[in-house]
Amino acid sequence: MADPFVVVGGDAAGLSAASKLKREDSDREVIVFEQGNWVSYAHCGMPYYVKGDVGSLTDLLSLSPDDIDDRGIDLRRQHEVIAVEPADKTVLVQNETDRFEQSYDDLLIATGAHAVSASIDTGYSGVFTMHSMDAAAALRTYLTSADGVRPPDNDSVDTDRLEQYASMNPPESVAIVGGGYVGIEMAEAFGAHDLDIHLFQRSDRLLRPFGEAVGEQVAATLRENDVTLHLGTEVDELIGDGHVEAVASDDGQIAVDLVLIGIGIRPNTELIAETDIARGESGAIATDEYGRTNREHVYAAGDCAEMRHTVTGAPEWVPLGLTANRAGRAVGQTVAGKPTPVGSVAGTAVVKAFELECGRTGLIDHERATDAGFDPVSDTITASSRSGYYPGGSETTVTLTADRETNRLLGGSIVGADRAAIRIDTLATALDCAMTLPELERLDLAYAPPFSPVWDPILVAAKVLNGTLSEF
């Protein structure tokens, strides 16, 4: 084979691209370098594995190394690409014993992102970030060590780390640092193990990108589930002697056996630091509508790359699972000779907080919307999720934001306990179609008492905000 397609990173974007290219051009050589052991796994499923809803760690795998081999892809685990030379069309690779150059005809950088801990010293046992399979495996082992749990039967797992935590007494208390997606989901996971839970959030609101209404309801739900919230509180340091023993903050010191840090992630772009491959304002790699960088034959996709925002049209960094898979697949098709746009991103996301479901999409924050050139107006409504006489319904709160001048929908959020999150897809579709509020209000959404009232909460919100806009 000739003209190799080289992929750096063996997860969502990288293997989606590799698989699609192989389907389109089975004779093309495809090489995937992955610096670790794990490939093609579900980051978003880790909290539910730790909780116990997912029985086996390997259930989180989309593809095994054998599956990848069966597709004709040359997967090389424990191979770290340490340099890229776009002028020579080569990458420099380091494995356990050798360092070598690999030429490419096309290159995809799909290096993902990494968890950050800010200025917090994490050099203690009992401190975790939820951004790797080994971390998920070790954390569940720690939580269930009294049950005599054994390490997962998989040749990729870090058995030394698992055996370390299997030998410890299970924790009784935990500090979660960060009130975003990971922090909220992990609060539920720790609650299933009956831990005393403290959640620290630097700002005064949880899930800030979801807006005020969502944040308030999530806070109330966490408190109802015995999570102690420390809002407007920044963790200064961790305290311990080998193993973490306490967290120190403005609230003083609180003794804990376990710390979970979930304060965010950053794109892995160190690989291109010594090249002229451009990065955007976010720090992620700048790409065009086909995932191409400013260097010919070099692409980027997934959590290390920017994409175009659906509402603003400007570059945006939105590290989410569908975004990575979709962009990788498009790049694979483009490299195969069928140019395919990677699509835009609206930041559509959902999260579960115990029994509460939350969703968001587009521009909700007025400051961000104003900076993008809009004149934002918002309304929040609460309506029943089903017909009032039908059992099982609950209150559903919807916030919509629109542009005052054009009536264009800019974004929205939703929160409730009865199938609320999935309703956000209606708003995401409306954003992709650049709908106005009157157009959204006229959508022919389904109605039957077990599923929705005559006026779905989305339609109620559109009707109310449309009325507000008509007053200007």
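**Notes on the predicted model: a tyrosine patch, a buried glutamine and some ring pairs**

1. Let's start with Tyr-390, which sits in the loop joining strand S24 (376–384) to strand S25 (395–403). This is a predicted model, so please read everything below in that light. With a relative accessibility of 33%, Tyr-390 comes out as partly exposed, because that class covers values from 20% to 50%.

2. Tyr-390 also belongs to a nonpolar patch on the surface, about 560 Å² in area. Its partners there are Tyr-389, Tyr-447, Val-454 and Trp-455.

3. On to Gln-201, in strand S11 (residues 196–201). Is this glutamine buried or exposed? It counts as buried, since its relative accessibility is 12% and the cut-off for buried is under 20%.

4. What does the side chain of Gln-201 reach? The answer is the backbone nitrogen of Gly-179, at 2.7 Å. Gly-179 also turns up in the contact list of Gln-201, which leaves aside neighbours within four places in sequence. Gly-178, Leu-206 and Arg-208 are on that list too, and so are His-230, Leu-231, Gly-232 and Thr-233.

5. Now the rings. The model has four aromatic pairs by the ring-centre rule. One of them is Tyr-142 with Tyr-165: the centres are 5.2 Å apart and the planes meet at 50°, so the pair is classed as tilted. Tyr-142 is in helix H4 (residues 133–143) and Tyr-165 is in helix H5 (residues 159–166), so this pair ties together parts 23 residues apart in sequence. Both tyrosines, Tyr-142 and Tyr-165, are buried.

6. Next comes Tyr-181 with Phe-210, an edge-to-face pair with 5.7 Å between centres and 70° between planes. This one links distant parts of the chain, 29 residues apart: Tyr-181 is in helix H6 (residues 181–191), while Phe-210 is in the loop between S11 and helix H7 (212–224).

7. How do the two rings of that pair stand in terms of burial? Tyr-181 is partly exposed, at 32% relative accessibility. Phe-210, on the other hand, counts as buried at 0%.

8. Last point: which residues make up the aromatic cluster with Tyr-142 and Tyr-165? Phe-128 joins them, and the three form one cluster. If you're looking at the H4 and H5 tyrosines, keep Phe-128 in view as well.

How values were computed
Residues are numbered from 1 along each chain as its sequence is written. This is a predicted model: local features need pLDDT of at least 70, side-chain atom pairs count only at pLDDT 80 or more; totals for chains, interfaces and linings use all residues. Side-chain values use heavy atoms; hydrogens and water are left out. Patches are made of residues with over 30% relative accessible area and no salt bridge: like charges are joined within 9 Å, nonpolar side chains (Val, Leu, Ile, Met, Phe, Trp, Tyr) within 5 Å. Accessible areas come from the Shrake-Rupley method with a 1.4 Å probe; for residues, only the protein chains shown count as cover. A salt bridge is a side-chain nitrogen of Lys or Arg within 4 Å of a carboxyl oxygen of Asp or Glu. Helices (H or I, at least four residues) and strands (E, at least two) are DSSP runs, numbered from the N terminus. Buried means under 20% relative accessible area, exposed over 50%, partly exposed in between (1.4 Å probe, protein chains only). A polar contact is a pair of N or O atoms within 3.5 Å; within protein, one must be able to donate a hydrogen and the other to accept it, and residues adjacent in sequence count only if both atoms are side-chain atoms. Contact means heavy atoms within 4.5 Å. Rings of Phe, Tyr and Trp (its six-membered ring) pair if their centres lie within 6.5 Å; planes under 30 degrees apart count as stacked, over 60 as edge-to-face and the rest as tilted.
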